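Okay, thanks everyone, I'll keep this short. Let me put the thing up on the screen first, and then we'll walk through a few parts of it.

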Amino acid sequence: MSTEGLLHATVVPGREKAWAPGTSPRGVGGGRRAEPGRGPRRLQVAFWGPLARDTLVWDTPYHTVWDCDFSSGKIGWFLGGQLNVSVNCLDQHVRKAPESVALIWERDEPGTEVRITYRELLETTCRLANTLKRYGVHRGDRVAIYMPVSPLAVAAMLACARIGAVHTVIFAGFSAYSLAGRINDAKCKVVITFNQGLRGGRVVELKKIVDEAMKQCPTVQHVLVAHRTDNEVYMGDRDIPLEQEMAKEDPVCAPESMGSEDMLFTLYTSGSTGSPKGLVHTQAGYLLYAALTHKLVFDYQPGDVFGCVADIGWITGHSYVVYGPLCNGATSVLFESTPVYPDAGRYWEMVQRLKINQFYGAPTAVRLLLKYGDAWVKKYDRSSLRTLGSVGEPINLEAWEWLYKVVGDSRCTLVDTWWQTETGGICISPRPSEEGAEVLPGMAMRPFFGIIPVLLDEKGCVVEGGDVSGALCISQAWPGMARSIYGDHQRFVDTYFKPYPGYYFTGDGAYRTQGGYYQITGRMDDVINISGHRLGTAEIEDAMANHPAVPETAVIGYPHDIKGEAAFAFIVLKDDSGDSEAVVNELKSAVATKIAKYAVPDEILVVKRLPKTRSGKVMRRLLRKIITGRTEDLGDTTTLEDPRVITEILSAYQKCKEKQAAGAK
């Protein structure tokens with residue numbers, strides 16, 4: 001189906017009004033509880049059924065559109081259908097326009113971009129798929145991809161999809177410890193990586209990190225090593241030179257016909273407790289939702305150059321660098337570098353050179369670039385831009401206005417998008433909307449088609465009306481949502497469906513205006529958002545817990561001008577711990593080694609003890625109030641074991657600030 005046809009099928013007369021804020025099924029703009037029932041179910045079937053039939057290329061038609069039950073965490077869409085995701089992303093476009101550009105690889109050095117056509121990407125995908133098969137990868141096997149943004153990384157994802165293997169892309173900034181943990185949890189059979197990576201003019205030793213991780217990964221049989229640089233690296237017994245092996249293979253690989261609910265990929269995200277969760281996304285529903293949101297939220301038109309600068313190691317890269325754009329036959333930009341390499345004009349020089357029409361980035365980068373001033377933006381021609389997008393965290397008003405007025409010359413649509421790894425695609429956004437509808441700065445605003453949000457209070461009751469806040473939940477299933485946590489479905493149910501029975505709980509709080517528009521107010525659990533990366537405070541605490549001099553730690557998130565949030569750690573030292581500064585440096589190194597450099601706390605404060613209740617629970621909200629300067633209202637402290645601990649910590653924090661101020665002089 002053409003993209004014009006997709007749009008026509010989506011916004012048929014009258015239907016767009018039915019899903020707009022305040023006029024959707026009950027629960028969107030306030031009102032009574034949106035109980036699952038025949039009405040909403042009929043709407044879901046009537047809406048998504050024809051879209052799936054006409055948008056995707058099927059081997060076998062589905063017989064059931066929707067079979068979902070939030071109480072058991074059962075999510076099923078387009079049951080009985082068979083298809084192949086790589087055929088939808090590649091073959092169908094190769095048949096129509098083989099030489100159209102699928103990917104523009106914006107390499108680390110500006111001006112060295114590489115264009116890859118749909119035909120070339122299909123051939124590379126097939127060679128890689130055949131290589132995987134030759135090395136024993138079968139349908140259902142898990143393959144870890146530890147690669148930076150590159151055409152070969154995209155081909156690796158699609159090659160897995162072609163043969164029915166499940167890919168697990170692991171962000172190439174993670175340490176060997178974090179890499180090994182994810183590989184072992186998914187029980188990966190093969191790892192695909194590069195010898196080295198390049199980012200911001202620096203070399204990243206990817207193969208060395210993989211070698212270190214492999215010491216702890218008994219399920220891995222082969223490591224396929226491609227070359228990003230000319231440097232040779234150590235090749236062990238299970239290491240395979242990928243390009244050499246691919247050259248031996250045929251550029252044709254018959255696609256595996258997959259069930260709609262077969263696994264497509266797992267992707268790991270942080271939780272408030274326990275280890276990172278391997279969220280499971282399946283075939284048809286995920287692809288349909290990624291393609292539809294890509295087209296309608298960003299107003300993608302045939303021939304556009306779509307520029308999402310996210311890393312493929314995150315869900316944004318999956319949905320809006322790879323699957324959504326390629327399913328729509330778009331030209332997608334792969335951004336390998338950083339926003340400030342070689343200077344603060346990198347994004348905008350790229351927009352001018354590649355003639356990018358949609359630009360999708362993170363508020364963290366916007367806040368960083370804002371501090372460099374307007375000249376770096378105005379130096380370059382940005383007239384090709386039509387849509388600007390923000391993703392990863394709520395965007396503050398100053399950053400929104402700078403992006404809209406300076407970058408977009410007050411003429412581009414700006415979409416502040418809210419969604420999660422769990423949702424698979426954008427759920428709340430200012431667009432699509434009827435012509436001339438208002439856009440409120442710094443607000444995600446409108447639920448996407450088929451998304452029915454509700455706000456719930458602490459007792460689990462629906463909060464009605466406008467100018468209200470509550471826990472953001474969604475009352476009906478949608479095709480793009482995750483299906484489970486790999487290997488632990490009960491954790492999936494407990495995390496997302498148990499807190500508010502009958503609803504999907506997002507973990508975020510939200511505010512709803514009188515007009516029915518939504519603004520995300522932040523996480524409600526112990527998860528912090530550092531530069532758009534979700535990270536559980538428990539993960540950081542665990543990374544520091546094994547230090548022999550540190551019996552106790554507590555980590556909180558606090559506001560940061562550039563990162564949005566940063567981590568602040570409180571530690572208690574043993575009496576014989578020696579040099580406290582040395583311990584602090586060792587703890588920072590431990591976090592970088594066990595998680596990643598971005599997870600290292602910006603501050604680590606040594607205290608005599610932590611504020612605990614009489615039952616032994618650390619009262620982190622008190623620590624957060626101390627750091628954010630809100631000590632005039634500490635709330636109920638009657639359960640504290642010893643209230644004097646607050647004065648102790650305040651004193652230690654004040655001395656730390658005075659020392660920093662003296663050092664700055």
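So, to start: what covers the buried residues of helix 17? Keep in mind that this is a predicted model. The cover includes four strands, namely strand 29 (527–530), strand 30 (533–536), strand 31 (552–560) and strand 32 (564–572). It also includes two helices, helix 18 (580–594) and helix 19 (620–627). Helix 17 itself runs over residues 537–544 and is mostly covered, with seven of its eight residues buried. If you want to click through them, the buried ones are Thr537, Ala538, Glu539, Ile540, Glu541, Ala543 and Met544.

Next, a helix pair. Find helix 13, residues 363–370, and helix 15, residues 397–407. Their axes come within 10 Å and cross at roughly 75°. Anything from 65 to 115 degrees counts as roughly perpendicular, and therefore that's what we call helix 13 and helix 15. Who makes the contact? On the helix 13 side you've got Val366, Arg367, Leu369 and Leu370, and on the helix 15 side Glu398, Ala399, Trp402 and Leu403. Sort the residues of that contact by type and you get six nonpolar, two charged and no polar.

Okay, on to a sheet. This one is open, has four strands in the order 24-25-27-28, and the pairing is antiparallel. Which strands stand at the edges? Those are strand 24 (453–456) and strand 28 (518–523); each has a single partner strand, so one side of each is left without a neighbour in the sheet. On average, neighbouring strands here are turned by 45° against each other, if you ignore direction. Inside the sheet, strand 25 (residues 468–474) pairs with strand 27 (residues 504–512) in the antiparallel sense, over six bridges. To get your bearings there, look for Cys473, which stands opposite Phe505 in strand 27.

Last topic, salt bridges. The count comes to 35, and I've picked three.

First pick: Arg346 with Glu106, where the closest N and O atoms are 2.8 Å apart. This pair links distant parts of the chain, with Arg346 in helix 12 (residues 346–354) and Glu106 in strand 5 (residues 101–106), 240 residues apart. Buried or exposed, you ask, for Arg346? Arg346 is buried, at a relative accessible area of 1%, and Glu106 is buried too, at 0%.

Second pick: Lys207 and Asp239, again with the closest N and O atoms 2.8 Å apart. Lys207 sits in helix 8 (residues 206–214) and Asp239 in strand 13 (residues 239–241), so this bridge ties together parts that are 32 residues apart in sequence. Lys207 is buried, with a relative accessible area of 1%, and Asp239 is buried as well, with 10%.

Third pick: Glu581 and Lys659, with 3.4 Å between the closest N and O atoms. Here Glu581 is in helix 18 and Lys659 in helix 20 (residues 644–664), so the pair ties together parts 78 residues apart in sequence. Both Glu581 and Lys659 are exposed.

And one more thing on the charges before I stop. Which residues do salt bridges with shared partners join into one network? That would be Glu106, Glu113, Arg115, Arg346, Glu349 and Arg353. So, who wants to drive the viewer?

Terms used
Residues are numbered from 1 along each chain as its sequence is written. This is a predicted model: local features need pLDDT of at least 70, side-chain atom pairs count only at pLDDT 80 or more; totals for chains, interfaces and linings use all residues. Side-chain values use heavy atoms; hydrogens and water are left out. Axes are lines fitted to C-alpha atoms, for helices over the stretch in contact, and angles run from 0 to 180 degrees between N-to-C directions. Angles under 35 degrees count as roughly parallel, over 145 as roughly antiparallel, 65 to 115 as roughly perpendicular and the rest as oblique. Contact means heavy atoms within 4.5 Å. Ala, Val, Leu, Ile, Met, Phe, Trp, Tyr, Cys and Pro count as nonpolar, Asp, Glu, Lys and Arg as charged, and the others, Gly among them, as polar. Two strands pair if DSSP finds at least two bridges between them. Buried means under 20% relative accessible area, exposed over 50%, partly exposed in between (1.4 Å probe, protein chains only). A salt bridge is a side-chain nitrogen of Lys or Arg within 4 Å of a carboxyl oxygen of Asp or Glu.
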